[in-house]
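Me: I'm new to this one and would like to go through it slowly. Could you show it to me before we talk?

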Amino acid sequence: MDKNKLEGNWIHSHEEDADGNIIFRPEGFQLPLTRAGRAAINLKSDNSYVLKGEIGRISNNLLADDRYKHKDGTWMIDDDNILNLNANEETQKFKIISFASDKLVVKNMK
Amino acid sequence: MENQTIPGQENGKAPVQRKCGTMSVHYRLLEQHPLFIANQINIEKRVSELKKFGLERLIPVTIPVVVHVIYKNPSENIADQQIFSQIDVLNEDYKALNVDISKIPTIWQNTTASAHISFALAQKDPAGNPTTGITRTQTTQDSFGDDDSVKFAVSGGADAWPADDYLNIWVCNLGGGLLGYAQFPGGPASTDGVVILNKAFGKGGITQAPFHLGRTATHEVGHYLNLLHIWGDTHQCQGTDFVADTPNAQNPNTGKPVFPHISCSNGPNGDMFVNYMDYVDDDSMVMFTAGQVTRMQATLSGARNLIGI
Ligand SMILES: [Zn+2]
């Protein structure tokens with residue numbers, strides 16, 4: 001798929017998760033308030049990314065003082081439409097199930 | 001939660017026993033907050049002193065508050081009334097005068113305690129002039145993150161008032177889905193205090209359910225007074241909040257839990273999700289425990305011993 005289209009800040013809409021699918025909405029999409037925070041992955045055009053919070057575990061987004069956990073690294077999409085997030089020699093892989101400008105659906109391949 | 005303890009049995013016991021499993025929390029806190037360890041050692045010493053001499057030694061404290069309202073759009077320039085309502089909530093919650101304290105399950109009704117802490121908008125500014133205790137700053141920033149930029153005029157926010165004398169509360173359009181964040185005692189004075197989303201501050205005005213009852217500030221001020229989350233900030237039942245009478249819990253609770261919610265073999269009563277230091281909705285958090293009060297009072301006689309004097 002076209003990598004450029006995936007660039008941007010994607011916010012975890014955990015209320016919509018189902019059947020192992022993880023749902024993201026773009027920056028600016030109206031999502032309900034939540035005390036546990038929302039993971040967000042900012043996929044940048046230079047192939048770097050910043051992850052706030054943790055994808056998949058909503059209760060693990062924040063630090064002890066309620067600020068976000070931060071992780072950064074590099075990202076790529078391989079030929080099988082798998083989003084690879086590389087940080088500290090570790091790679092997280094997410095299968096891209098569907099994509100539209102207002103909704104990104106992935107599955108954790110771990 | 002504290003490992004291997006039973007609610008109500010903390011009195012007279014040696015201060016908190018740290019176990020290996022808690023170290024990961026320490027490292028994380030150390031990373032984000034370099035003064036945390038030294039601060040903790042000091043506070044644990046105070047906690048053990050207070051346990052020895054008893055809470056009756058304590059004098060009620062009134063903490064002067066300055067609320068810095070940072071707004072771009074006029075609607076974010078919240079009304080005085082919304083601010084007053086937040087001060088009222090803090091005064092109720094920190095003296096166990098909140099009406100909804102009746103929601104505590106019977107089993108914990110004797111575990112709750114007043115922190116004997118009052119809050120009042122400051123009447124004198126740092127120069128000694130009369131003040132409302134409210135500052136209002138228009139900004140060009142659409143929103144602020146958790147990077148403390150709201151705490152400096154140079155980055156579109158408002159500078160802190162001296163942290164020894166005031167509890168600084170910044171109220172703004174906090175972005176990224178956060179309701180608020182705090183700074184533990186012992187950190188830099190220029191960033192000391194709490195930041196609260198304007199829609200989750202106080203009651204009425206522009207507040208939004210289910211965070212419309214002022215409990216976000218109650219929770220964040222708990223961190224300001226050195227309370228940790230009751231699940232201990234790990235997810236393997238090994239974390240601790242260094243408080244014995246909050247049951248060990250695995251994860252935060254969210255929403256409006258139904259009693260009991262069991263985790264970490266903490267049955268039959270389960271997680272104390274009615275505690276202000278969990279992640280539930282505003283109408284579901286209603287109490288501090290006696291152990292948490294001891295910890296806050298230790299902070300007020302230690303790391304924050306100048307505030308309110
Ligand atoms: Zn918190």
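**Salt bridges and the contact between chains**

Reply: Over all chains, the structure holds 14 salt bridges. Please keep in mind throughout that this is a predicted model.

Me: OK, then what scores does the model have for ipTM and pTM?

Reply: The ipTM is 0.93 and the pTM is 0.90. For chain B the average pLDDT is 88, and 86% of the residues score at least 70.

Me: Where in chain B does pLDDT stay under 50?

Reply: That is the case over residues 1-26 of chain B, a stretch for which the model nevertheless has 55 contacts beyond four places in sequence.

Me: Back to the salt bridges. Which partners does A:Arg67 have?

Reply: One of its partners lies in the other chain, since the side chains of A:Arg67 and B:Asp148 meet in a salt bridge at 3.2 Å, N to O. Within chain A, the side chain of A:Arg67 also meets that of A:Asp65, with an N to O distance of 3.0 Å.

Me: Are A:Arg67 and A:Asp65 buried or exposed?

Reply: A:Arg67 is buried, because its relative accessible area is 14%, and A:Asp65 is buried as well, with a relative accessible area of 4%. Salt bridges that share partners join these two residues with B:Asp148 and B:Lys151 into one network.

Me: How many salt bridges cross the interface of chain B and chain A?

Reply: Two salt bridges are found across the interface of chain B and chain A. There are also 14 residue pairs in polar contact across it, counting pairs in which both residues are at pLDDT 80 or more.

Me: And which elements of chain B supply residues there?

Reply: On the side of chain B that touches chain A, at least two residues each come from α1 (23-32), β5 (180-182), α4 (215-224) and β8 (279-280). The element that gives the most is α4(B), with five residues. Sorted by class, that side of chain B has 13 nonpolar, 13 polar and 10 charged residues.

Me: How many residues does each chain bring to the contact, and what area do they bury?

Reply: Chain B brings 36 residues and chain A brings 19 residues. Between them the two chains bury about 2200 Å², and 52% of that is on carbon and sulfur atoms.

Me: Let's stay in chain A. What does A:Arg25 pair with?

Reply: A:Arg25 forms a salt bridge with A:Glu16, where the closest N and O atoms are 2.8 Å apart, and its side chain also meets that of A:Asp102 in a salt bridge of 3.9 Å, N to O. The pair of A:Arg25 and A:Asp102 links distant parts of the chain, for A:Arg25 is in strand β2 of chain A while A:Asp102 is in the loop between β7 (90-100) and β8 (103-108), 77 residues apart.

Me: Why does A:Arg25 count as buried, and what about the two acids?

Reply: A:Arg25 has a relative accessible area of 10%, and buried means under 20%, so A:Arg25 counts as buried. A:Glu16 counts as partly exposed at 31% relative accessibility, and A:Asp102 is partly exposed with a relative accessible area of 36%.

Me: Next, where is A:Glu15, and what does it touch?

Reply: A:Glu15 is found in the loop between β1 (8-12) and β2 (21-26) of chain A, and at 43% relative accessibility A:Glu15 counts as partly exposed. Leaving aside residues up to four places away in sequence, A:Glu15 touches A:Pro32 and A:Arg38. A polar contact of 2.7 Å joins the side chains of A:Glu15 and A:Arg38.

Me: Switching to chain B, how many residues of helix α5 are buried?

Reply: Helix α5 of chain B, residues 290-300, is mostly covered, with 10 of its 11 residues buried. Among them are B:Gly291, B:Val293, B:Arg295, B:Met296 and B:Leu300.

Me: Last one: where does B:Thr111 sit, and which residues does it touch?

Reply: B:Thr111 is in the loop between α3 (80-93) and β2 (117-121) of chain B, and B:Thr111 counts as buried because its relative accessibility is 12%. Not counting residues up to four places away in sequence, B:Thr111 touches B:Asp245, B:Met272, B:Met287, B:Phe288, B:Thr289 and B:Ala290.

Terms used:
Residues are numbered from 1 along each chain as its sequence is written. Chains are lettered from A and ligands numbered from 1 in the order in which they are written. Side-chain values use heavy atoms; hydrogens and water are left out. Contact means heavy atoms within 4.5 Å. Buried area is the accessible area (1.4 Å probe) that two parts lose on being put together, summed over both. A salt bridge is a side-chain nitrogen of Lys or Arg within 4 Å of a carboxyl oxygen of Asp or Glu. A polar contact is a pair of N or O atoms within 3.5 Å; within protein, one must be able to donate a hydrogen and the other to accept it, and residues adjacent in sequence count only if both atoms are side-chain atoms. Helices (H or I, at least four residues) and strands (E, at least two) are DSSP runs, numbered from the N terminus. Ala, Val, Leu, Ile, Met, Phe, Trp, Tyr, Cys and Pro count as nonpolar, Asp, Glu, Lys and Arg as charged, and the others, Gly among them, as polar. Buried means under 20% relative accessible area, exposed over 50%, partly exposed in between (1.4 Å probe, protein chains only). pLDDT is the predictor's confidence in each residue, from 0 to 100.
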